[in-house]
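Student: Could you take me through one strand of this fold in detail? I'd like to know what lies beside it and how the partners line up.

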Amino acid sequence: MARFEPAALPELLPVFYRRLFPHGAYGRWLGYGGVVKNYFQLREFSFTLRDDVYLRFQSFGSPQELERELQRINPYKIDIGAVYSHRPNQHNTVHPGAFQPQEKELVFDIDMTDYDDVRTCCSSAEICSKCWTLMTIAVRVIDRALVEDLGVRHRLWVYSGRRGVHCWVCDDAVRKWSPALRAAAVEYLTLVKGGAETVKKVNLSESIHPFIRRSVSVVEKYFEAYALVGQDILGSPERWEKVLALVPEDILPRAAPPCRSALCRGRREGPCGGVGSAVSAISLDHRPQHRESLRSDFPKKRDSVQRWELLKGRMERTRRVTGSTKSTPCHADWEIMLQYCFPRLDINVSKGVGHLLKSPFSVHPKTGRISVPLDLQRLDQFDPFAVPTISSLCHELDTAGDDGEQEDGGETEPKRRARDYKKTSLAPYVRVFEQFVEEMERARRGERLRRSDLQGDF
């Protein structure tokens, strides 16, 4: 792969926007079939130019006009904003209170830096193949919940170009969600809570929600290879102390609920119920100082995998015991897995309708990598270091030569450009994007037919 030099961007970007950027599919995506009048014209775009010159509230009459502007100014970065009440490029002519964001895709921004407290291989903006598994888990957990729990259909997952992933939820109804609904969705999808000063960031209740159970099932598939082998989270006393801090000192007896009504059932507080029998049951199989017993037994085990099996086995025994007693079930193993692996979302990015997010197929100015769509069918094989850079793409074009241009001098610009990207390693990513847009278009046609049939308009 050709080495990327940021200083070369002024020469490379014109080639990228003229010969490689998928203008056609991009315009079809953001136009949403033209069902809503002026929808594309009311969309905000933001451009970052050379020397960090920042242009907000840009808007265009058509995808073709946007294409011409991209080829004229060759932005270092493209951000996409909301669909506004008025054309964003005319916002200064509108009364400030009247210019408001109306709708936008529900977006998620997952950044590797938010996992620095649980990564041992990298920190800050650095990533490697070991910790990239966190992004794979995040996509799997969130995408499953979006489809199965929240009922959405059209999700575009995109590599950020450096150290994270973005998701664009494009369903018609979801684009109209209020900030409160967006915040509620993020809250539903959030389990890791607390800042740097918070030691235990995941706290599960006695009654485990199905979303949590399904998320644990996803995490479990990756946990041994990622956390126990790759990160070696129990590999030394220093590391296992961080994990043991998430395990309760002992397994406490659970008081019976004060009554058996649906409202009270399952609460810990209350004066009644069989505490003595719970203590008796626990004493049969668990030492009172649960954390201390693990601390003393860990050195006897060979590696992180064996130590985890020990910890996990003891937690599972507490859950088996509670099936026939009033003792408190302990899900410390689940809490550990979730704290180390569960997605960490930026709620402000998701809840704000007017919030900007980097566009798919934007060039990352520091790495040169393209923000490419992710193929969920091949997610586990995705390698961020194999994503083409603008330098490598331009080199591939040079290597392919211009023979094709000489074959048909009368070929139109869009056809020539489509042939150009197919000569490069960008082609499979563009195809993923096109398939996403085509699926939305099929769904839109199906919905129009369904409404037509309901109205008897054959």
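**Strand β3 and its partners**

Tutor: Let's start with cover: β3 is mostly tucked away, with 7 of its 8 residues buried (buried means under 20% relative accessible area, exposed over 50% and partly exposed in between, using a 1.4 Å probe and protein chains only). Keep in mind that this is a predicted model, where local features need pLDDT of at least 70, side-chain atom pairs count only at pLDDT 80 or more, and totals for chains, interfaces and linings use all residues. Residues are numbered from 1 along each chain as its sequence is written, and side-chain values use heavy atoms, with hydrogens and water left out.

On labels, strands are DSSP runs of E with at least two residues, helices are runs of H or I with at least four, and both are numbered from the N terminus. Two strands pair if DSSP finds at least two bridges between them.

Now for the neighbours. β3 covers residues 77-84 and pairs with β1 in the antiparallel sense, over 5 bridges. You can check the register at two places: Phe-47 sits opposite Ile-78, and Arg-43 has Val-83 as its bridge partner. Val-83 turns up again with β4, where its bridge partner is Glu-103. That contact belongs to an antiparallel pairing of β3 with β4 (residues 101-103), built from 2 bridges. β8 (residues 357-358) is another antiparallel partner of β3, also over 2 bridges; there, Asp-79 stands opposite Lys-358.

Let's step across to β1, residues 43-48, where 6 of the 6 residues are buried. Look at how its side chains alternate: Arg-43, Phe-45 and Phe-47 point one way, Glu-44, Ser-46 and Thr-48 point the other, and all are buried. So which way does Phe-47 point relative to Thr-48? The other way, and Arg-43 goes with Phe-47. Those two are also the β1 residues we used for the register, with Phe-47 facing Ile-78 and Arg-43 bridged to Val-83.

β1 has another partner too: 3 bridges join it to β2 (residues 54-58), and the two run antiparallel. Here Thr-48 stands opposite Tyr-54. The link between these strands is a hairpin with 5 residues in between, and Asp-51 in the turn has a positive phi of about 65°.

If you trace it on screen, go from β2 to β1 through the 3 bridges, then from β1 to β3 through the 5 bridges. From β3 you can go on to β4 or to β8.
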